[in-house]
Amino acid sequence: MPLLAVLGSVIFLGVGTSWAKHALFPQIGAAGTSAVRVGFSALLLLVLWRPWRGWPGRADLRAIAAYGAALGAMNLAFYLSLRTIPFGLAVAIEFAGPLGLALWGSRRPIDFLWLALALTGLALLLPLGHGVGPLDGAGVLWALTAAVFWALYIGFGQRLGHLPAGRSVALGLSVAALVVVPVGVAQAGVALLSPGVLWVGLGVAALSSAIPISLEMLALQRLPPQAFGILTSMEPAAAALLAWGLLDERLTPGQWLAIGLIMSASIGSAWSARARSAPVEAALPG
């Protein structure tokens, strides 16, 4: 069941994002699409979790504000990257954020192998003159920006571990909407109010946010964090395959190799973290 939940989360996220790029980008642009997706996601989760039933304290609200701002900036930067680079490659580059955070400060020899794999994969994708395929520099820069905000989002989110997950995510997405929606309005204007845009935006929000977040929460209740990290490492490959089928975004063999290297680094990092925690767990009285 946890495996199916993670797999479902990855697939729903990929389908929702592909649908957004295909149906909404031509009408309201990347920023407008991000605004509709985040705005509707916030509304859906507010209705689902009703966080006002247990309002956090002032210190928690400040942490939620930072968490939500990072989440909004991450979503906006990621959608801006999709204007000019393929979905699967954008996800692979964005993975540098959580992967770098996981490896930060590590001194174990095996972790340097995962770092080397990740850097090799990124080097193949970055437009440095020796890449495996032509990628737009601005798109790569936006994906790297999303990676930085993903790492910040994780860091801020860890400060909210004592709160119910649904409550913190709903409030965090509400803050994210306050960050993203004004940018989308500035770009797309009244086009955001088109009935077609609103209906597709609602569907995209459900597929790429509300459903995946709910499935991830179900999986996290039954899986150790390291195992969850290993399973979610399939996301770049799943995104690339879905984009190939739904958007006809075809990658070169070298770009698939780069995705494979970054995925291997992510899986290895999660496995190492699991191995490090095993002696501690074994020492606990039980």
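These are my notebook entries on a single protein chain, taken from a predicted model.

**Entry 1. The chain overall**

I began with the secondary structure. I recorded twelve helices and zero strands. Following the sequence, I wrote down the pattern as α-α-α-α-α-α-α-α-α-α-α-α.

I then looked up burial and found that 51% of the 286 residues in the chain are buried. For the surface, I noted an exposed area of about 13400 Å², of which carbon and sulfur atoms supply 71%.

I also checked how contacts spread along the sequence. Of those between residues at least 6 apart, 86% join residues at least 24 apart.

**Entry 2. Aromatic pairs**

How many aromatic pairs does the structure hold? I noted five.

I took up the pair of F25 and Y79. The ring centres of F25 and Y79 lie 6.0 Å apart and the planes stand at 45°; an angle from 30 to 60 degrees is neither stacked nor edge-to-face, so I entered the pair as tilted. F25 belongs to helix α2 (residues 25-49) and Y79 to helix α3 (residues 58-81). The two residues are 54 residues apart, and I therefore marked the pair as a link between distant parts of the chain.

Are F25 and Y79 buried or exposed? The cut-off for buried is under 20% relative accessible area. F25 has 14% relative accessibility and so counts as buried. Y79 has 0% and likewise counts as buried.

I next turned to F78 and Y79. Their ring centres are 6.3 Å apart with the planes at 80°; this angle is over 60 degrees, so the pair is edge-to-face. I noted that both F78 and Y79 are buried.

Which residues do the ring pairs link into a cluster? I listed F25, F78, Y79 and F87.

**Entry 3. Helices α4 and α5**

Two packed helices are described by the angle between their axes and the distance between the axes. I looked up both values for helix α4 (residues 87-94) and helix α5 (residues 96-103). The axes of α4 and α5 come within 5 Å and cross at roughly 20°. Angles under 35 degrees count as roughly parallel, and α4 and α5 are therefore roughly parallel to each other.

Which residues meet where α4 contacts α5? On the α4 side I listed A92, I93 and E94, and on the α5 side A96, G97 and P98. By class, I entered four nonpolar residues, one polar and one charged for this contact.

Conventions: Residues are numbered from 1 along each chain as its sequence is written. This is a predicted model: local features need pLDDT of at least 70, side-chain atom pairs count only at pLDDT 80 or more; totals for chains, interfaces and linings use all residues. Side-chain values use heavy atoms; hydrogens and water are left out. Axes are lines fitted to C-alpha atoms, for helices over the stretch in contact, and angles run from 0 to 180 degrees between N-to-C directions. Helices (H or I, at least four residues) and strands (E, at least two) are DSSP runs, numbered from the N terminus. Angles under 35 degrees count as roughly parallel, over 145 as roughly antiparallel, 65 to 115 as roughly perpendicular and the rest as oblique. Contact means heavy atoms within 4.5 Å. Ala, Val, Leu, Ile, Met, Phe, Trp, Tyr, Cys and Pro count as nonpolar, Asp, Glu, Lys and Arg as charged, and the others, Gly among them, as polar. Rings of Phe, Tyr and Trp (its six-membered ring) pair if their centres lie within 6.5 Å; planes under 30 degrees apart count as stacked, over 60 as edge-to-face and the rest as tilted. Buried means under 20% relative accessible area, exposed over 50%, partly exposed in between (1.4 Å probe, protein chains only). Accessible areas come from the Shrake-Rupley method with a 1.4 Å probe; for residues, only the protein chains shown count as cover.
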